[in-house]
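I opened the notebook to look up two things here: pockets and disulfides. My notes follow in the order I took them.

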Amino acid sequence: MKHGKKYNDGAKLIEAGKFYDVNEAVEVAVKTGTAKFDETVEVHVRLGVDSRHADQQVRGAVVLPNGTGKTVRTLVFAKADKADAAKEAGSDYVGAEELVAKIQNENWLDFDVVIATPDMMGVVGRLGKVLGPRGLMPTPKAGTVTPDVAKAVTEAKAGKIEYRLDKTNIIHCPIGKVSFGAEKLQENLDTLMSAIVKAKPAATKGQYIKSCVIATTMGPGIKLNVAKFGA
């Protein structure tokens, strides 16, 4: 596979076969982010679990201390005083059955996070085939099915991200933008990795964190020394 000049220039900054400490890896990642736009820095964590088994699922959510650098659009399904609370908290969209119809009939998906009160999940469940494959279905584990919708909106806007295993037992998450600089990116990375370590299933056998790679949107991957995470 052929790569562009910027990618190749970035690759020259990475020592082949080396496993980097977190602080050094983040500094190198910032240097590789030379695109004309503010690249996202992403983390890819391979876990020693089998996502096919219910007792080895790893899923949760965490608020990154420095946010993600992305403007998050929230959609809240709620009624009465809960709907008012969501609006006061700054949710972009708030409603009930009429929003379900809008999504179903117009294929409307101009939002990044969906939040719902527990009593609305019967209604939201009709959207499972639309929201599920896009990772947008509200869940209690991610804190997006909650009676406290105002808090959920505030956290989503502040940089709350959801982490979950894909079919190959890898978690993919953004930890900010290149413009954040190494220090803020490291704080976000440490917060995310701590949450993943705490979410270790009791059924896990052997090494939990198999590998961890960080990379900018357009840049090459940088391997991390996973021993630091103690799992």
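Before the pocket entry I wrote down the term: a pocket is an open set of grid points with protein on both sides within 12 Å along at least five of seven lines. I also noted that the model is predicted.

**Entry: the largest pocket**

I looked up the volume of the largest pocket and found about 730 Å³. Next I asked which residues are the closest to its centre. They are Asp112, Val113, Lys160, Ile161 and Glu162, out of 28 that line the pocket.

Then I checked the elements. Those that give two or more residues to the lining are β5 (113–116), α7 (149–158), β6 (160–164) and β7 (170–177). I marked β6, which gives the most, with 5 residues.

I sorted the lining by class as well. I noted 14 nonpolar residues. The polar residues come to 7, and the charged residues also come to 7.

**Entry: disulfides**

How many disulfides does the count come to? I got 0. I wanted to know why cysteine 212 has no bond to another cysteine. The closest cysteine sulfur is in cysteine 173, and at 10 Å it is too far for a bond. A disulfide needs the two sulfur atoms within 2.5 Å, so I closed that point.

I looked at cysteine 173 in turn. It is in no disulfide, and its nearest cysteine sulfur is that of cysteine 212.

Last, I asked whether these cysteines are buried or exposed. Cysteine 173 is buried, with a relative accessible area of 2%. Cysteine 212 is buried too, with a value of 2%.

How values were computed. Residues numbered from 1 in each chain as written. Predicted model: local features only at pLDDT ≥ 70, side-chain atom pairs only at ≥ 80, totals over all residues. Heavy atoms only, no water. 1 Å grid on protein atoms, 1.4 Å probe; cavity = no way out; pocket = protein on both sides within 12 Å on 5 of 7 lines; lining within 4 Å. Points joined across faces, edges and corners; volume = space filled by probe spheres on them. Helix = DSSP H or I, 4+ residues; strand = E, 2+ residues; numbered from the N terminus. Nonpolar A, V, L, I, M, F, W, Y, C, P; charged D, E, K, R; others polar. Buried < 20%, exposed > 50% of the residue type's maximum accessible area, 1.4 Å probe, protein only.
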